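Dear colleague,

Here is the structure I promised to send you. Please have it open while you read, as my notes on what was found in it follow directly below.

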Amino acid sequence: MDIGLIISSILSPNVLLFTVAGILLGMFIGAMPGLSATMGVAILLPLTFWVEPSAGLGMLLGIYNSAIYAGGVSAILLGVPGTPASIASTFDGPIISKGGHPTLALWINTVFSVIGGLIGILCLIIASFPIARFALRFGPPEYTTVALFGLSMMVAVSGKSVAKGIFVGFLGLALSTVGMDPMNGVKRFTFGKFILIDGFSFVPIMIGLFGVGEALKQLSETPAVKVRFVKKLEKEQKTTVSDFIQEEKGAQKRMTLREVWATKWSILVTSIISVFVGAIPGTGGDIAAIVSWTQCKNFSKDKENYGKGSREALAVTCAANNASIGGAMTTMLTLGIPGDSVTAILIGALMMYNYTPGPLLFSEHKDMVIILFGLLVVCNILILLLGNLGSKIFSKFTKLPRAWISTTIIMFSLVGSYAIQNSVFDVFVCLVAGIFGFFLSKGGFPTGPIVLALILGEMVESNFVRSMMLPPGTYSTFFVRPISLVLIILTAVSLIGPAVIKLVKKSKERKEA
Amino acid sequence: MIEIIVNVLGIAIAAFLYIFSRDFSVSTRPGIPSAAFFPTIICVALLILGIYNLVKIIVFKKKHVDPASESIRITKLKVLQMLAIVSLMALYAVLWNYKIGHFILNSIICFTPICWLLGDEVEWWKSAIYIVGLTIFIYLLFGVGLKVRIW
């Protein structure tokens, strides 16, 4: 491992160029309500296969970090979260902005997102190597149960519709069975088609679900109503979309160093909480930020101002959603389990570059792991440098017609799907996945579980069969190994837990009634 | 209605998995599960969940309305719009598959009406100009810059 070589690789003009492009694209995606980091990473993924891995990953990580950060821009200026992760920024951000301090609010978003992001990366660096070393002890039974635990997170990503989420997850698992069976070498559901032997390519399905599907979903929302809604919103708020900065004369434009220092404990605690929340598969920046905001409200000196335009509260939420990225990346890199939809797509990207996330990545491709850490740091530094200017510029793009954005998404999705393998079949797969994704969201079915199932389906099956080949060759293999047993218990808890909590809540409500 | 269609589709997929996985239900190696093992588990789970969801929808049809599915109701006009968009996208893919026409020309022909159908807040000619610019940009990016063999 040559550190000099790694640094020169991260700072090479090509890598920096792609990372900056990713940051700028991420700012645009994040600032536009309705576009998500997942969609951005999915539809721009094909662009990255044509460049060296560090440049491609720099671009994807740039989009991921920057979109999560920039989601706060529209949350602050319009009161509409740009991405789900910035939902908690709407609690205090618009009030600060409306009070004549939009520049200050944007500054808080930039600076604290970067601070949170860097704390998240620090936690990732500290935790990932020991976790990966520990995970090296894993055999097929442990991998089976880790993957099962990951699959059990279908419950967590399903929101209110748990049964629907699990149902959709199993549809994803069904898709993952197409192609050559991992252990017996039997061709399943290929119907003699050579193109299906390797199964469905993961990327076109993702692009279809999150690109075409979302664009179709936007069509179903009546444009006239949408335009009226935005105009009404503009009228209601002093800060408008078109001329969003209506600064009070002599308004404070940034926090003083003393003010920043005063928030140190809140930021540190919430960032660490968010790293843990982000590390749990199925959660994300939105949950991390809400949990952090609620926790800080309990112990902060400024607690009475939370929800009334507290600067500290805004700082906490901004730091939290970017810190959760460190947690999601830890689970993804060390165990190969996606923390959220974006990391699921990142797993696909890494696999395309022949880097399989998991403990072996840390022993076999240590250089790449360090490059990834370096790229994350670079992304945050670039957000700090470009953030304030970029957020002002990209927030003006909210005026762009939705039809243009949706058409761009569809076109990029179709051409991008083709570009991966020069295969028109993938274009059809993307199209069908998009239509299916649209119907799923219309029927109230979450699409997140499909991502988890597609990623983890093959992992569960191949490791399960390998486990059965180990002595004693029975199901007891999974119960006699301590790590495997603990994971089975955790899986059971995550599957049954929400139902039990729901029952307890219901019985309490009945008693109160 | 969409909920019912998706659940019925899931049950149909489960039946499909069950029927076709019988072709490879014999294990090629003694002592290890056959290639049909995993699809069979999925099939059973899909059946149970599909039926459960259907019963829930039918029994609680009036009592329970899913907030997610209720949020947006699709009008007949919207259905027609949607069908037109999907047909245009499918046409685009078919033309691509058989290498008929040219990428730039086909993109403009198919995506200008798609853009217009996706939202009418902009005049059609402005959207047409936008699509021409977008198509050329994508062609230059993928075809020239990344050397992807788009037709």
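A polar contact, in what follows, is a pair of N or O atoms within 3.5 Å, where within protein one atom must be able to donate a hydrogen and the other to accept it. By that rule, 5 residue pairs are in polar contact across the interface of chain B and chain A, both residues of each pair being at pLDDT 80 or more. The pLDDT enters here since this is a predicted model, and everything below should be read with that in mind.

The interface

On the side of chain B that touches chain A, the elements giving two or more residues are α1 (2–21), α2, α3 (67–70), α4 (76–97), α5 (103–118) and α6 (124–145) of chain B. The largest share of that side comes from α4(B), with 12 residues. In terms of contacts, 74 residues of chain B meet 66 residues of chain A. The size of an interface is often given as the accessible area lost when the parts come together. Here chain B and chain A bury about 6300 Å² between them, and 81% of this lies on carbon and sulfur atoms. Phe38(B), Met89(B) and Leu118(B) supply 11% of the area that chain B buries against chain A, which is more than any other three residues.

Between the two chains the count is 1 salt bridge, in which the side chains of Lys164(A) and Glu3(B) meet at 2.7 Å, N to O.

One residue of chain A illustrates the contact with chain B: Thr407(A), which lies in helix α18 of chain A. Leaving aside neighbours within four places in sequence, Thr407(A) is in contact with Phe111(B), Cys115(B), Leu118(B), Ile131(B) and Leu134(B). Thr407(A) counts as buried, because its relative accessibility is 0%.

Chain B

Chain B has 6 helices and 0 strands, and buried residues make up 41% of its 151 residues. Of the contacts in chain B between residues at least 6 apart in sequence, 62% join residues at least 24 apart. Chain B exposes about 8700 Å², of which carbon and sulfur atoms supply 72%.

A nonpolar patch on the surface is formed by Leu47(B), Ile51(B), Val55(B), Ile58(B), Val59(B) and Phe60(B), which together have about 520 Å² of accessible area. Within this patch, Val55(B) has its place in helix α2 (residues 37–59) of chain B and is partly exposed, with a relative accessible area of 44%.

Salt bridges elsewhere

A search of the whole structure finds 6 salt bridges over all chains. In one of them, Arg481(A) pairs with Glu142(A), the closest N and O atoms being 2.8 Å apart. This pair links distant parts of the chain, 339 residues apart: Arg481(A) is in the loop between α21 (477–480) and α22 (482–512) of chain A, and Glu142(A) is in helix α7 (residues 140–152) of chain A. Arg481(A) is partly exposed at 27% relative accessible area, whereas Glu142(A) counts as buried at 4%.

Arg311(A) forms a salt bridge with Glu259(A), and here the closest N and O atoms are 3.2 Å apart. Arg311(A) lies in helix α14 of chain A and Glu259(A) in helix α11 (residues 257–262) of chain A, so this pair ties together parts that are 52 residues apart in sequence.

In chain B, the side chains of Glu123(B) and Lys126(B) meet in a salt bridge of 3.5 Å, N to O. Salt bridges that share partners also join Asp181(A), Arg188(A) and Glu461(A) into one network.

Two backbone points and a buried loop residue

Most residues other than glycine have a negative phi. Asn422(A), although not a glycine, has a positive phi of about 50°, and its place is in the loop between α18 (402–421) and α19 (424–442) of chain A. Lys99(B), also not a glycine, has a positive phi of about 50° and is found in the loop between α4 and α5 of chain B.

Lastly, is Ile337(A), in the loop between α14 (311–335) and α15 (341–352) of chain A, buried or exposed? Ile337(A) is buried, with a relative accessible area of 1%. Not counting residues up to four places away in sequence, Ile337(A) touches eight residues of which I name a few, including Val146(A), Pro281(A) and Leu456(A).

With best wishes

Conventions
Residues are numbered from 1 along each chain as its sequence is written. Chains are lettered from A and ligands numbered from 1 in the order in which they are written. This is a predicted model: local features need pLDDT of at least 70, side-chain atom pairs count only at pLDDT 80 or more; totals for chains, interfaces and linings use all residues. Side-chain values use heavy atoms; hydrogens and water are left out. Patches are made of residues with over 30% relative accessible area and no salt bridge: like charges are joined within 9 Å, nonpolar side chains (Val, Leu, Ile, Met, Phe, Trp, Tyr) within 5 Å. Accessible areas come from the Shrake-Rupley method with a 1.4 Å probe; for residues, only the protein chains shown count as cover. A salt bridge is a side-chain nitrogen of Lys or Arg within 4 Å of a carboxyl oxygen of Asp or Glu. Helices (H or I, at least four residues) and strands (E, at least two) are DSSP runs, numbered from the N terminus. Buried means under 20% relative accessible area, exposed over 50%, partly exposed in between (1.4 Å probe, protein chains only). Contact means heavy atoms within 4.5 Å. Buried area is the accessible area (1.4 Å probe) that two parts lose on being put together, summed over both. A polar contact is a pair of N or O atoms within 3.5 Å; within protein, one must be able to donate a hydrogen and the other to accept it, and residues adjacent in sequence count only if both atoms are side-chain atoms.
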